[in-house]
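Reader: Please take me through this model and justify each term as it is applied. I should like every label to be set against its cut-off.

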Amino acid sequence: MSKSERGFTFPEVIAAFAVFCLMAACLFPPFLHMLGQIKETKQEMEAARFLYEKTEEWTFTGKVVEKEKKAGGATWTFQIKDNGRKACVKHEQNKTCVSLQQ
């Protein structure tokens, strides 16, 4: 900005806008990746919570009433394997298992 002018010139405005667009273009992809990671982490936490609840229910009662949970467009399925020595929750391609001590 020159000394005798009040305000910005057109080339200065264009340069500032270009820098802003460049910064936005550099930060947008990592932001989208971060949002995807947050969603994935929430689903993993929900699967772990479901596994804990159903394992506890199966341990104390010997049966599980509801073996499937649907929330937010995702489905979790609870399974008992290896003659009651292993409990698993399956979600899409992921599977989380714990060993049960009796």
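Author: A suitable place to begin is Lys69, which stands opposite Trp76 in E2. The model is predicted: local features require pLDDT of at least 70, side-chain atom pairs count only at pLDDT 80 or more, and totals for chains, interfaces and linings use all residues. Residues are numbered from 1 along each chain as its sequence is written, and side-chain values use heavy atoms, with hydrogens and water left out.

Reader: What makes E1 and E2 a pair of strands?

Author: Strands pair if DSSP finds at least two bridges between them. E1 and E2 (residues 74–81) have four bridges in the antiparallel sense, so they satisfy that criterion. The strand labels themselves come from DSSP: strands are runs of E of at least two residues, helices are runs of H or I of at least four, and numbering starts at the N terminus. The hairpin of E1 and E2 has two residues between the strands, and Gly72 takes a positive phi near 60° there.

Reader: How do you know that E3 and E4 are paired, and in which sense do they run?

Author: Six bridges join E3 to E4, and the two run antiparallel; the minimum is therefore met here also. One of the partnerships is that of His91 with Asn94 in E4. Two residues lie between these strands in their hairpin, where Glu92 in the turn has a positive phi of about 50°.

Reader: Why are E1 and E4 called edge strands?

Author: The open sheet has four strands in the order E1-E2-E3-E4, with antiparallel pairing. Strand E1 (68–71) and strand E4 (94–99) each pair on one side only. From one strand to the next, the twist averages 15°.

Reader: Where does helix H1 lie relative to this sheet?

Author: H1 (residues 10–61) lies across E1, E2, strand E3 (86–91) and E4, at about 40° to E2. Such angles, on a scale from 0 to 180 degrees, are between the N-to-C directions of lines fitted to C-alpha atoms, for helices over the stretch in contact.

Reader: Why is Gln43 of H1 called buried?

Author: Buried means under 20% relative accessible area, exposed over 50%, and partly exposed in between (1.4 Å probe, protein chains only). Gln43 has 19%, so the residue is classed as buried. Leaving aside neighbours within four places in sequence, Gln43 is in contact (heavy atoms within 4.5 Å) with Ala74, Trp76 and His91.

Reader: What makes the largest nonpolar core a core, and which residues are in it?

Author: A nonpolar core is a set of buried Ala, Val, Leu, Ile, Met, Phe, Trp, Tyr and Cys residues joined through side-chain atoms within 4.5 Å. The largest has eleven residues, including Phe50, Leu51, Trp58, Trp76 and Phe78. H1, E2 and E3 each supply at least two residues of this core, and the largest share, four residues, comes from H1. Leu51 touches Phe78, Ala87, Cys88, Val89, Thr96 and Val98, not counting residues up to four places away in sequence.

Reader: Why are the contacts of Glu46 with Arg49 and Lys69 called salt bridges?

Author: A salt bridge requires a side-chain nitrogen of Lys or Arg within 4 Å of a carboxyl oxygen of Asp or Glu. Glu46 and Arg49 meet at 2.9 Å, N to O, and the closest N and O atoms of Glu46 and Lys69 are 2.3 Å apart. The second pair ties together parts that are 23 residues apart in sequence, because Glu46 lies in helix H1 and Lys69 in strand E1. Glu46 and Arg49, by contrast, are three residues apart in H1, about one helical turn. Both pairs qualify, and Glu46, Arg49 and Lys69 are linked in a network.

Reader: Which of these three residues are buried, and which are partly exposed?

Author: Glu46, at 17% relative accessibility, is buried. Arg49, at 41%, is partly exposed, and Lys69, at 22%, is partly exposed.

Reader: How many salt bridges does the structure hold?

Author: There are four. Among them is Glu68 with Lys70, whose closest N and O atoms are 4.0 Å apart. Glu68 is partly exposed at 42%, whereas Lys70 is exposed at 63%.

Reader: How confident is the predictor in this chain?

Author: The average pLDDT (the predictor's confidence in each residue, from 0 to 100) is 85, and 96% of the residues score at least 70. Among the elements, H1 has the highest mean, 90, and E4 the lowest, 82.
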